[in-house]
Amino acid sequence: MLIKQKPSWYMPEHLATPEDVYFNRRQILGAMGIGAAAGVGIVPSLASAAIEGFPAPRNAKYTLDRAITDEEEATTYTNFYEFGSSKNIWRWAKRLKTDPWEVVIDGMVEEDITIQADALIRKLGDQEERLYRHRCVEAWAMAVPWTGVPLANLVKFAKPTAGAKYMQFETFLNPDIAPGQRASWSPWPYTEGLTIEEASSTLPLLATGLYGKAMPNQNGAPIRLVVPWKYGFKCIKSIVRITFTDKQPVSYWQELQGREYGFWANVNPDVPHPRWSQATERLLGTGERVPTQLYNGYAEECAHLYANMPQDRTLFF
Ligand code: MTE
């Protein structure tokens, strides 16, 4: 996230743990037999293939109040801190191998599931394209055609058990190909969370593509979240694990800087980030400044989710 001054938790790259002594949780869990395959009830398919079905039919219900962002802008100005803190990491992200791509669904579900991303998407129904605004907490914005399936379909597929309230999403962990993950002060892997109620509403997508094509690596291939009324950091990329739980997950950014990045993170022009205003946003491509909208303009679809909660700033950071 835009770090203008070095925060208290910042450590220069040369002080970070060298790669060869990096604690690779995945390898260790694997060696202990606690990895993805342990205790799994269903393994529908371990054969892999790239996700297909592009371009998917556009859902005409979702329209924009602005022009679609230029494709080159949206695919070369990206946030993917695993590959570095610059926006220009798209070449680095090409190193990520996204096929095969195993996804684990676990926690408070009837049975753990380990499944290849393409098989998972086929099980979740027809893919569609939707035009959504996207608002980064750093105050830049874009409007793009995402392809994907409703996240609500994944909730049904996962069969959460009665007490489950939240979903935690996790990105891959592989410092060998993602140099940003060599910074040991950072709580990798990247994680994010939603309530099951949020995830089951109409807008969130498990996205597989952008501009009518398979998702570019730098935008979060092969599967990522898109939740258009929340700040973009909630839209976790390159998901490998989805865990259902009764405890509110603590996300990557919350762990780094809890005073600045909260769980709810709903867009609101009147609640400034501690270090900058959220009143306006800069459109990628044109550089035009436009007013920020409450819930990024999606109040009609999402405000009901928060009707019974305190209407204070905690909902918006
Ligand atoms: N997911 C992971 N794994 N790593 C990241 O650094 N950045 C987030 C989000 N998802 C990020 C991530 C932020 S801050 C934003 S604004 C969006 O991805 C950016 O999505 P885009 O690069 O496709 O525009």
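**Cysteines and the ligand site**

Cys 302 is buried, and its relative accessible area comes to 0%. This value, like those that follow, was computed on a predicted model. Cys 235 is likewise classed as buried, with a relative accessibility of 6%.

With buried cysteines in view, disulfides are a natural topic to take up next. A disulfide is a covalent bond that joins the sulfur atoms of two cysteines. Searching the whole structure turned up zero of them. For Cys 235, the reason is a matter of distance: the closest cysteine sulfur belongs to Cys 136 and lies 9.7 Å away, which is too far for a bond, given that a disulfide requires the two sulfur atoms to be within 2.5 Å.

Cys 235 also leads to the ligand, since one of its backbone N or O atoms is placed 2.9 Å from a ligand nitrogen atom. Thr 171 contributes through its side chain, where a polar atom lies 3.0 Å from a nitrogen atom of the ligand. At Tyr 81 the partner on the ligand is an oxygen atom, found 2.7 Å from a backbone N or O atom of this residue. The protein covers 100% of the ligand's accessible area, which amounts to 530 Å² for the ligand on its own.

What surrounds the ligand more broadly? The shell holds 19 residues, and the closest are Tyr 81, Glu 82, Asn 219, Arg 224 and Lys 237. By residue class, the shell is made up of ten nonpolar, six polar and three charged residues. Helpfully for anyone inspecting the model, the space that the ligand takes up is the largest cavity.

Conventions:
Residues numbered from 1 in each chain as written. Predicted model: local features only at pLDDT ≥ 70, side-chain atom pairs only at ≥ 80, totals over all residues. Heavy atoms only, no water. Buried < 20%, exposed > 50% of the residue type's maximum accessible area, 1.4 Å probe, protein only. Near = heavy atom within 4 Å. Polar contact = N/O pair within 3.5 Å; in protein donor to acceptor, adjacent residues only side chain to side chain. Areas by Shrake-Rupley, 256 points an atom, 1.4 Å probe, with all protein chains shown as cover. 1 Å grid on protein atoms, 1.4 Å probe; cavity = no way out; pocket = protein on both sides within 12 Å on 5 of 7 lines; lining within 4 Å. Sits in = over half its atoms within 2 Å of the grid points. Nonpolar A, V, L, I, M, F, W, Y, C, P; charged D, E, K, R; others polar.
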